[in-house]
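Thank you all for coming. I would like to walk you through one structure this morning, taking it slowly, since some of you have not seen it before.

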Amino acid sequence: MREWAARTSARLNTGVEAVIALLMALLVLDVWLGVVDRYFFHWQLPWPEILARYLMIWAAMLAVSSGIARRDHIGLTAAIMRVPVSLRRIVLMAIDLCVLALFLYVLWYGLSFAQSGAKRQAMIFGISLQPFYAAIPAAAALASIQTVLAMIRDNGTHLDNPPFAEAAA
């Protein structure tokens, strides 16, 4: 089961990182177009700044699940390392359960947030804001999945055996 969770987490993370890379490339091109427009061509394009904002939000929100998969997110390592080894695994599993509860909470309320975007119109694009607002529940769903997979994969031992450590060696 742990091997399956590790493989599934790695595959999901690879796909998410590919999407993030694409979003970042689009973001760079969009900002570059805005700069070229402003200082050279003076086309007065109204959309590059707004599009950059939404591309950055989607990329940043999706990156949360990547940080969870790699266990690269902020942790209280110094405090947890002071916990006796016999209790450390329990503490780490409890923290993972709290993190999962947080992301499920964000997912639940993020769905209604994204739905509220259906009623709002992006003036510049002339479309619903729902696809842009959907970044919140989509990222929360991915983060929840990655949290469960990381819990199964690591089983509370990720401070002693960091994930992806063998790849770095």
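Let me begin with the charged residues, where Arg 71, Asp 96, Arg 153 and Asp 154 are joined to one another in a network of salt bridges. Please keep in mind throughout that what we are looking at is a predicted model. The structure holds 4 salt bridges, and I will go through some of them one at a time.

Within the network, Arg 71 pairs with Asp 154, and the closest N and O atoms of the two are 2.7 Å apart. Arg 71 sits in the loop between α2 and α3, whereas Asp 154 belongs to helix α6, so this pair ties together parts of the chain that are 83 residues apart in sequence. Are these two residues buried or exposed? Both Arg 71 and Asp 154 are buried. Asp 154 also forms a salt bridge with Arg 153, again with the closest N and O atoms 2.7 Å apart, and Arg 153 is buried as well.

Another salt bridge, at 3.0 Å from N to O, brings together the side chains of Arg 70 and Glu 17. Here Arg 70 comes from helix α2 and Glu 17 from helix α1, so the contact ties together parts that are 53 residues apart in sequence. As for how open they are, Arg 70 counts as partly exposed, because its relative accessibility is 30%, and Glu 17 counts as partly exposed at 28%.

From the charged side chains I will turn to the nonpolar ones. Which residues make up the largest nonpolar core? That core has 9 residues in all, namely Val 16, Ile 20, Leu 23, Leu 27, Ala 52, Leu 55, Ala 59, Leu 62 and Leu 142. Helices α1 and α2 each supply at least two residues of this core. A second core, separate from that one, has 7 residues, among them Tyr 54, Ala 122, Leu 129 and Phe 132. If you would like one residue of the largest core to look at in detail, take Ala 52, which, once its neighbours within four places in sequence are left aside, is in contact with Leu 27, Asp 30 and Val 31.

Val 31 leads us on to the surface, where Val 31, Val 35, Tyr 39, Phe 40, Phe 41 and Trp 43 make a nonpolar patch of about 680 Å². Phe 40, one of the residues in this patch, lies in helix α1, which covers residues 2-41. Why does Phe 40 count as exposed? The reason is its relative accessibility of 61%, since the cut-off for calling a residue exposed is over 50%.

Just beyond that helix we come to the loop between α1 and α2, in which His 42 has its place, and Gln 44 is found in that loop too. As background, most residues other than glycine have a negative phi. His 42, however, has a positive phi of about 55 degrees although it is not a glycine, and Gln 44, also not a glycine, has a positive phi of about 60 degrees. Gln 44 is exposed, because its relative accessible area is 65%.

Next, a word on the annotation in the record, which should be read with some care. An unreviewed UniProt entry lists residues 12-35, 50-69, 90-111 and 131-152 under "transmembrane region". In the model, the span of residues 12-35 is 100% helix, with its end C-alpha atoms 35 Å apart. The span of residues 50-69 is likewise 100% helix, and its end C-alpha atoms lie 30 Å apart.

I will finish with two single residues. Gly 67 is in helix α2 and counts as buried, because its relative accessibility is 16%. Apart from neighbours within four places in sequence, Gly 67 is in contact with Asp 72 and His 73. Its C-alpha atom is separated by 27 Å from that of Leu 129, a residue 62 places away along the chain. Pro 84, by contrast, is found in the loop between α3 and α4, and at 46% relative accessibility it counts as partly exposed. Pro 84 and Ser 112 are 28 residues apart in sequence, and their C-alpha atoms are 42 Å apart in space.

Terms used. Residues numbered from 1 in each chain as written. Predicted model: local features only at pLDDT ≥ 70, side-chain atom pairs only at ≥ 80, totals over all residues. Heavy atoms only, no water. Patch = residues over 30% accessible without salt bridge, like charges linked within 9 Å, V, L, I, M, F, W, Y side chains within 5 Å. Areas by Shrake-Rupley, 256 points an atom, 1.4 Å probe, with all protein chains shown as cover. Helix = DSSP H or I, 4+ residues; strand = E, 2+ residues; numbered from the N terminus. Buried < 20%, exposed > 50% of the residue type's maximum accessible area, 1.4 Å probe, protein only. UniProt positions renumbered as here; feature names shortened; annotations may be inferred. Core = buried A, V, L, I, M, F, W, Y, C linked by side-chain atoms within 4.5 Å. Contact = heavy atoms within 4.5 Å.
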